[in-house]
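Me: Please take a close look at one part of this model, the pairing of strands around a single hairpin, and then follow the connections outward to the rest of the sheet, the helices and the charged side chains.

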Amino acid sequence: MASIHKDIEIKRDSASVWDAIRDVGAIHKRLVPGFVVDCRLEGDSRMVTFANGLVVREIIVDVDDETRRHSWSARAESLTHHNASVQVYPEGKDRSRVVWIADVMPHAAAASMGDMIQQGLNVMKQTLERH
């Protein structure tokens, strides 16, 4: 199994960043527009359509307001295992750090998954710093 750890600083207060992340059914509008082009809630899951055409069912594991952490598990033909989390930390006045951790199998999926995570973080930063 491969573990991917990525983080990014966002020039926005942690409460605002968390508010966008915790809105799990609107990530295509509030968090990563253009990277995710559609997101539909279906019970305890969301169907996420990425700009590259990939469609993934993500089971929502937790949305924890106290720790400002969201965790989920993706289901796709190319993955035998996936779990991930995004957590927001304050970094002083009007700055936050977002940490995204994903565990994936097969190990060969790690490189492309890591690239997608970095792209998602970059779009998140651009989107949240613009508002």
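Reply: In this predicted model, strands β4 and β5 pair in the antiparallel sense, and seven bridges hold the pairing. Within this pairing Asp 62 stands opposite Ser 71 of β5. The two strands form a hairpin with four residues between them, and in its turn Arg 68 has a positive phi of about 55 degrees. Strand β5 is mostly covered, since five of its seven residues are buried.

On its other pairing, β5 is joined to strand β6 (residues 81-90) by four bridges, and these two strands also run antiparallel. Ser 71 takes part here too, with Ser 85 as its bridge partner in β6. The connection from β5 to β6 is again a hairpin, which passes through five residues.

Seen as a whole, these strands belong to an open sheet of seven, ordered β1-β7-β6-β5-β4-β3-β2 with antiparallel pairing. The edges are formed by β1 (2-10) and β2 (36-42), each of which has a single partner strand, so one side of each is left without a neighbour in the sheet. Neighbouring strands are turned by 25 degrees against each other on average, if direction is ignored. On the side of β4 that leads towards β2 in this order, five bridges join β3 to β4, and this pair runs antiparallel. One of the positions in register is Val 48, whose bridge partner in β4 is Val 56.

Two helices pack on the sheet. Helix α1 touches β1, β4, β5, β6 and β7 (96-105), and its direction makes about 155 degrees with that of β6. Helix α3 (residues 110-130) touches β1, β3, β6 and β7, and its direction makes about 15 degrees with that of β1. Both lists of contacts include β6, whereas β4 and β5 appear in the list for α1 and β3 in the list for α3.

The charged side chains add further links around the hairpin. Asp 65 forms a salt bridge with Arg 22, in which the closest N and O atoms are 2.6 Å apart. This pair connects distant parts of the chain, 43 residues apart, because Asp 65 lies in the loop between β4 (55-64) and β5 (69-75) while Arg 22 lies in helix α1 (residues 14-22). Asp 65 counts as partly exposed, at 43% relative accessibility, and Arg 22 is likewise partly exposed, with a relative accessible area of 32%.

A second salt bridge reaches β4 from the neighbouring strand: the side chains of Arg 46 and Glu 58 meet at 2.7 Å, N to O. Arg 46 lies in strand β3 (residues 45-50) and Glu 58 in strand β4, so this pair ties together parts that are twelve residues apart in sequence. Both Arg 46 and Glu 58 are buried, in other words each is under 20% relative accessible area.

Elsewhere, salt bridges that share partners join Asp 7, Glu 9, Glu 91, Arg 95 and Arg 97 into one network. Asp 38 and Arg 40 also meet through their side chains in a salt bridge, at 3.5 Å from N to O. Here Asp 38 is partly exposed, at 26% relative accessibility, and Arg 40 is partly exposed as well, at 39%. The count of salt bridges comes to twelve.

How values were computed:
Residues are numbered from 1 along each chain as its sequence is written. This is a predicted model: local features need pLDDT of at least 70, side-chain atom pairs count only at pLDDT 80 or more; totals for chains, interfaces and linings use all residues. Side-chain values use heavy atoms; hydrogens and water are left out. A salt bridge is a side-chain nitrogen of Lys or Arg within 4 Å of a carboxyl oxygen of Asp or Glu. Buried means under 20% relative accessible area, exposed over 50%, partly exposed in between (1.4 Å probe, protein chains only). Two strands pair if DSSP finds at least two bridges between them. Axes are lines fitted to C-alpha atoms, for helices over the stretch in contact, and angles run from 0 to 180 degrees between N-to-C directions. Contact means heavy atoms within 4.5 Å.
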